[in-house]
Amino acid sequence: LRRSRSVPFIVPPTLHGRDWINLTSEEQVQEDSDPYMIPQPGPRSSFHSLAGAYVVGTINPELYKFPEDKSETDFPEGNIGRLWFSIEYEHESERLLVSLIKVRKLQPPADSCSPFVKIYLLPDERSYLQSKTKRKTLNPQFDENFVFQVSSKMLLQRTLKFLVYHVDKQKKHHLLGQVMFPLKNGTLTDDNKLVIWRDLEKENLEPPSDSGDIQFSLSYNDYLGRLTVVVLRARGLKLQEESHAVSVYVKVSLMNHNKFIKTKKTAAVLGSPNPVYNETFSFKAHQTELDTASLSLSVLQSIKGEKTHLLGRVVVGPFMYTRGKELEHWNEMISKPKELVKRWHALCHS
């Protein structure tokens, strides 16, 4: 039996922020030092290109035969599919190499499924690269390479967005799910190919509320007395001025009897009304304090040399402070200890 030169391994999920809790939406990263790009002969014009991004060649699927791991077999209840991709950044040429590997366990609206994937590099919503369509399969194997031109200065501000569609017999496209991956989550260095998988999420099709919306997860560990908040993303923000000079961040505060106990902030994202954060914060909160505690999440915009401006705020907590979706989110967190409960909330100015 021929041994490969490098043995793939799995790094357990890493959460940016504080300590690790037992999460349901896990992240697995595999590192593979073997080259997976087969260079295409001929000039660059032979590539499919679009807005500084282009598709290159094909990849050798043999290099992706990893030992069986739980990502292939362990699908949570309500799962609508799982997508595998790899990323690498070439500093010298300022190219982001994205390989779309495969999708598994798709849940189509009809009996058959002919899937394809669109890939965006946010905040650019206007241009995308598209995979080939795979006919009649719930488990498409793509093995396609894509290249985005992006400066190293802006790289960590960008987010990869994968949209998985099904094409029906009338050639209509139906969105099956999406994956968002902020590039600050990956350690992007030369010759370091990260193979990542993510579960598909349903797209929020409701129009944003007047001040925009924020998505975050809550989890409470009753044994450790720890409240965890994962700030995921915001959308439809009404920026005072749309430019790269504008930075948007989220301030997360634990309060008790409306007094601020502890405040933490996300990193700032430049110039986007739809920023993606994926940052985790933990607060100490004893179980007896949960009836009088609450969480405030404020989305703030700052422009260099000017006063910080509040774009919107949401408070989640017990019946003493909240009603509706904010109260439901809090109660669901308490009823499912150690589980991450994810929801969208409308931002308000009050």
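Trainee: Why is lysine 336 called partly exposed?
Mentor: Its relative accessibility is 31%. Buried means under 20% relative accessible area, exposed means over 50%, and partly exposed is in between (1.4 Å probe, protein chains only). So 31% makes lysine 336 partly exposed. Bear in mind that this is a predicted model: local features need pLDDT of at least 70, side-chain atom pairs count only at pLDDT 80 or more, and totals for chains, interfaces and linings use all residues. Residues are numbered from 1 along each chain as its sequence is written, and side-chain values use heavy atoms, with hydrogens and water left out.

Trainee: What makes glutamate 332 and lysine 336 a salt bridge?
Mentor: The N to O distance between their side chains is 2.8 Å. The rule asks for a side-chain nitrogen of Lys or Arg within 4 Å of a carboxyl oxygen of Asp or Glu, so 2.8 Å qualifies. Salt bridges with shared partners also link Glu328, Glu332, Lys336 and Arg343 into one network.

Trainee: How many salt bridges does that rule give?
Mentor: The count is nine. One of them pairs arginine 82 with aspartate 199, at 2.5 Å from N to O. Arginine 82 sits in strand 5 (residues 82–90) and aspartate 199 in strand 12 (residues 193–199), so this bridge ties together parts 117 residues apart in sequence. Strands here are DSSP runs of E with at least two residues, numbered from the N terminus.

Trainee: Are the two partners, arginine 82 and aspartate 199, buried or exposed?
Mentor: Arginine 82 has a relative accessible area of 1%, so it is buried. Aspartate 199 comes out at 21%, so that one is partly exposed.

Trainee: What about the bridge between glutamate 90 and arginine 95: why does that pair count?
Mentor: The closest N and O atoms are 3.0 Å apart, so the pair passes. Arginine 95 is buried at 19%, while glutamate 90 is partly exposed at 24%.

Trainee: How do you know how many disulfides there are?
Mentor: You look for a pair of cysteine sulfur atoms within 2.5 Å, and the structure holds zero disulfides. As for individual cysteines, cysteine 113 is buried at 2%, and cysteine 348 is partly exposed at 38%.

Trainee: Which residues form the positive surface patch?
Mentor: Arg135, Lys136, Lys169 and Lys171. Patch members have over 30% relative accessible area and no salt bridge, and like charges are joined within 9 Å. Lys and Arg count as positive. Arginine 135 has 61% relative accessibility, so it counts as exposed, and lysine 136 is exposed too, at 68%. Both arginine 135 and lysine 136 belong to the loop between strand 8 and strand 9.

Trainee: What is notable about the phi of lysine 136?
Mentor: Its phi is near 45°, a positive value in a residue other than glycine. Lysine 105 also has a positive phi, near 60°. You'll find lysine 105 in the loop between strand 6 (95–104) and strand 7 (115–122), where its 43% relative accessible area makes it partly exposed.

Trainee: And why is serine 217 called buried?
Mentor: Its relative accessible area is 5%, so serine 217 falls in the buried class. Serine 217 is part of strand 13 (residues 213–221). Its C-alpha is 8.9 Å from that of tryptophan 344, although the two are 127 residues apart in sequence.

Notes. Patch = residues over 30% accessible without salt bridge, like charges linked within 9 Å, V, L, I, M, F, W, Y side chains within 5 Å. Areas by Shrake-Rupley, 256 points an atom, 1.4 Å probe, with all protein chains shown as cover. Charge placed at Lys NZ, Arg CZ, Asp CG, Glu CD. Helix = DSSP H or I, 4+ residues; strand = E, 2+ residues; numbered from the N terminus.
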